[in-house]
Each structure stands twice: as structure tokens, then as C-alpha cells.
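Colleague: I would like to learn how to read the inside of a protein model, going slowly and one feature at a time. Could you begin with the general idea and then show me the case here?

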Amino acid sequence: MSRKKHFDYFKAMETLAENAYTAAGILEDIVRNYSLEYYKEKVGKIHEIEKDSDALIAQLNKELYESFITPIDREDIMVISEQIDDILDGINAMAFLFENLIITDMRKETDHFAEMVTSATKGVHTAVKEFHKFKNSKDLKNLILEVNNIESEGDRLFSQLKKQLFSEEENLLEIIKWKEIYDRFELILNATEDAVDTIDIMTIKNT
């Protein structure tokens, strides 16, 4: 009787992070080349990636339930995986926002915010790839710090854009729409920081 193949939990977390990074790149592409037609052409790819990640989370949960031995505590694997998935959920929700709010044009520097999301998710992906070496890694702490720095830069951009919105925009409906969009960008960046901070905590806990 053949033995069941060992499930690679670190690889699963890496795939989740890679999916978030890929989706962020598509979101940035949509923002930089925005039109309703281009949006409709590209947005389905984000939804597909989100569904793939949901399926992977379900598989990971099943493996955790059935496995006797895991490389780190089951709860730690689940918390990190769910926080990485939160990033992708935020990106997917942002994609729906553009359609639901009937956005026809991007405001100035929206592309900068989208670029930060891509950079932060890339940082999360890189940190997760390094995480399996947490006991001996010389790079993990700096990778975590890079994401923290991007999130801090995002806080400054968020404040700047909100100030411009409320001081320069006269259309109340546009203010309501773009406040929601800026808030969503901020939430995604916060989710990237939460994910790497949790990796940092779990590294300390498990060494």
C-alpha cells in the first residue's frame, strides 16, 4: 500500500502569496490602462485567482484536520494562510468596486497606490518563500521590514489623497466613491503588513 504524499504546507502558503501578488499586478494594470472595456477584459482573471485560492485554503484546512504532524503549529499555519488570503480578498473586492461605483476615469495618483499594493504583495510573497528557513534565515527580518516600510509610505499617500479629495473635489458623489476606493487600498496595504507581522511573530514563537 503506497504512503500518502506529504503535503507541503509552506508551499501552499507560498502559492497563496503568489496568487495575491499576481492579482495585484492585474489590478495595477487595470488602473494604469483604465477604461470600462479594459476593466471587463481583465477583471475576470482576478476573480479566477481568488477562486483558486479559496480552493487551496479548503485543501489546506482538510490536510491540517487529517495530519498528525505539521512543521509548525496547526493554528500558526492557518492564521498565516488566512491573512495572506485576506490580501487577495481585498484585491478582489477592489476589482468589484470599480464596476459597482461605475468608475469611468482614474483620479491622479491612483496608479501610485496600485503600484504600492503590487510592491507590498511582492514583498509578502518573498517573505513567505523565505519563511520555511525561519530558523536560519538571515533575510527574513529585512523582508518583513520592507513590507512595513511600504505600508507606512501608503499611509502617507492615503492621507495626501484623502486631503486632496475633500479639498479639491466639489461633486459629493465623487467624494463618496473615491473615499471608498482609497479606504480599500489602505485596507489591502494593512493586510500585507498584518501578514508579515504575523510571520515575524510565528518566527519568534517557533525558534
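Modeller: A residue is called buried when its relative accessible area is under 20%, and we apply that cut-off here to a model that is predicted. At 13% relative accessibility, tyrosine 34 therefore counts as buried.

Colleague: Is tyrosine 39 buried or exposed?

Modeller: Tyrosine 39 has a relative accessibility of 1%, so this residue also counts as buried.

Colleague: How are the rings of tyrosine 34 and tyrosine 39 arranged?

Modeller: Planes under 30 degrees apart count as stacked and those over 60 as edge-to-face, with the rest called tilted. The structure holds 9 aromatic pairs, and in the one formed by tyrosine 34 and tyrosine 39 the ring centres are 6.4 Å apart with the planes at 55°, so this pair is tilted. Another tilted pair is that of tryptophan 178 and tyrosine 182, whose ring centres lie 5.7 Å apart and whose planes are at 50°.

Colleague: Where do tryptophan 178 and tyrosine 182 sit relative to one another in helix H6?

Modeller: They are 4 residues apart in helix H6, which means that about one helical turn separates them. Tryptophan 178 is buried at 1% relative accessibility, and tyrosine 182 is buried with a relative accessible area of 1%. Ring pairs also link these two residues with Phe113 and Phe185, so that Trp178, Tyr182, Phe113 and Phe185 form a cluster.

Colleague: Which residues have the most contacts inside the largest nonpolar core?

Modeller: A nonpolar core joins buried residues of certain kinds through side-chain atoms within 4.5 Å. The largest one here has 68 residues, and those with the most contacts inside it are Ile91, Phe98, Phe131 and Ile181. Helices H1, H2, H3, H4, H5 and H6 each supply at least two residues of this core, and the largest share, 13 residues, comes from H1. If you follow isoleucine 181 and leave aside residues up to four places away in sequence, you find that it touches Met94, Leu97, Phe98, Leu101 and Ile103.

Colleague: What does asparagine 19 touch, not counting residues up to four places away in sequence?

Modeller: Asparagine 19, which is found in helix H1, touches Ile49, Ser53 and Leu88 when those sequence neighbours are not counted. Its relative accessible area is 16%, so asparagine 19 is buried, although asparagine is not among the residue kinds that make up a nonpolar core.

Methods. Residues numbered from 1 in each chain as written. Predicted model: local features only at pLDDT ≥ 70, side-chain atom pairs only at ≥ 80, totals over all residues. Heavy atoms only, no water. Buried < 20%, exposed > 50% of the residue type's maximum accessible area, 1.4 Å probe, protein only. Contact = heavy atoms within 4.5 Å. Phe/Tyr/Trp six-rings, centres within 6.5 Å; stacked < 30°, edge-to-face > 60°.
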